[in-house]
Amino acid sequence: MVTDSLSHARLGIAIGLAAIFLLTDCAAPTSTSVVEPARTGISLPRGDVVAAASLRNRLAALSPNVRADEAERFAQCAYVTSRQLAREYRVVFPPALNNILINTGSRKRGLCYQWTEDLLHQLDALKLETLELHWGEAFARTFSENNGVVVTAKGQPFEQGIVLDAWRYQGRLFWSPLRKDPEHYEWKENKAQYDRVMKTEAAQRTASSVNRG
């Protein structure tokens, strides 16, 4: 009887852990659904203004070829978009709780790959000439999976880039040089996911244009 009770207890724990894993999972599916962030005015907190200036300087330092005005526009867009998305997603903290709300249907959007998609689209709309965007992922297909936008100077290797992670602090943008992530995420490039996301955006723009015509 004791053995049976222990077996049932272990089974219950296993089921509970599996449920938590599924509800907090942040992995990206093979298909994407793009939602544009709200076009409402955002006044950045002072801390964001200071951090955006630091990001601008770090972007400019990637290469002598990076234009100062482009680094400025990029940093501003990254911080404003992160705050806009937090408002649109109606986020709660911590991120794992927010994931549970999404996976149970209480929220429509806000998983880490969705933050990355929506931030990527806004940054791509800047028509960058001296900076280049990449899709970064860490610990893919595990409980700890995370996704982020990685930016490099044009033509620079992915490994020399800066990772932007709006999900980690739910709209308060985190960024760091790829190799110096303080939480030790092992970032790798996923070119296929980048191509899928950008192809989805292009298709939706085409469909929208046709419908308006």
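Which residue stands opposite valine 163 in β3? I looked this up first and found valine 150 in that place. The model I am reading is predicted, and I kept that in mind for the entries below.

**Entry: confidence**

I checked pLDDT before going further. The protein averages 83, and 77% of the residues score at least 70. Over residues 5-22 the value is below 50, and this stretch has four contacts in the model beyond near neighbours in sequence. Residues 29-39 also stay under 50 in pLDDT, but for them the model has 29 contacts beyond four places in sequence. Where pLDDT is low, the predicted coordinates should not be read in detail. I therefore took no local detail from residues 5-22 or from residues 29-39.

**Entry: overall layout**

I counted six helices and five strands. From the N terminus on, the elements run α-α-α-α-α-β-β-β-β-β-α. Of the 213 residues in the protein, 44% are buried. I also looked at sequence separation in the contacts: among those between residues at least 6 apart, 64% join residues at least 24 apart.

**Entry: strand β3 and its partners**

I went back to β3, residues 162-165. Ile162 and Leu164 point one way from the strand, while Val163 and Asp165 point the other way. In a regular strand the side chains alternate between the two faces of the sheet. Are these four residues of β3 buried or exposed? Ile162, Leu164, Val163 and Asp165 are all buried.

Next I listed the pairings. Strand β2, residues 146-153, runs antiparallel to β3 and is joined to β3 by three bridges. Strand β4, residues 174-177, is also antiparallel to β3, with four bridges between them. On the β4 side, leucine 164 stands opposite tryptophan 175.

**Entry: helix α2**

I tested the length of α2, residues 46-60. With 15 residues at 1.5 Å a residue, α2 should span 21 Å, and its end C-alpha atoms are 21 Å apart, so the two values agree. I then noted which residues of α2 are buried, and found Asp48, Ala52, Leu55 and Leu59 among them. These residues cover an arc of only 60° around the axis, which puts them on the same side of α2. An α-helix has 3.6 residues a turn, so residues three or four places apart point the same way.

What do the buried residues of α2 pack against? I found α3 (68-89), β1 (131-138), β2, β3 and β4. Leucine 59 serves as one case: beyond four places in sequence, leucine 59 touches Val66, Ala71, Phe74, Ala75, Leu131, Val151 and Ile162.

**Entry: nonpolar core**

I looked up the largest nonpolar core, which has 49 residues. Those with the most contacts inside this core are Leu55, Leu59, Phe74, Leu123 and Leu164. The elements that give two or more residues to the core are α2, α3, α5 (112-124), β1, β2, β3, β4 and α6 (191-212). Which element gives the largest share of this core? That is α3, with ten residues. In soluble globular proteins, nonpolar side chains tend to be buried together.

**Entry: tyrosine 194**

I turned to tyrosine 194, which is in helix α6. With a relative accessible area of 21%, tyrosine 194 is partly exposed, because buried requires under 20%. The C-alpha atoms of tyrosine 194 and histidine 134 are separated by 6.6 Å, although the two are 60 residues apart along the chain. Leaving aside neighbours within four places in sequence, tyrosine 194 is in contact with Leu120, Leu133, His134 and Trp135.

**Entry: backbone in the loops**

I checked omega and phi last. The peptide bond from phenylalanine 93 to proline 94 is cis, with omega near 5°. Proline 94 lies in the loop between α3 and α4 (95-103).

I found positive phi values at lysine 127 and glutamine 170. Lysine 127, in the loop between α5 and β1, has phi near 55° and is not a glycine. Glutamine 170, in the loop between β3 and β4, has a positive phi of about 55° and is not a glycine either. Where do they stand in accessibility? Lysine 127 counts as exposed at 60% relative accessibility, whereas glutamine 170 is buried, with a relative accessible area of 6%.

Notes. Residues numbered from 1 in each chain as written. Predicted model: local features only at pLDDT ≥ 70, side-chain atom pairs only at ≥ 80, totals over all residues. Heavy atoms only, no water. Buried < 20%, exposed > 50% of the residue type's maximum accessible area, 1.4 Å probe, protein only. Pairing = 2+ DSSP bridges. pLDDT = per-residue confidence, 0-100. Contact = heavy atoms within 4.5 Å. Expected span 1.5 Å × (residues − 1). Arc of directions from axis to C-beta. Core = buried A, V, L, I, M, F, W, Y, C linked by side-chain atoms within 4.5 Å.
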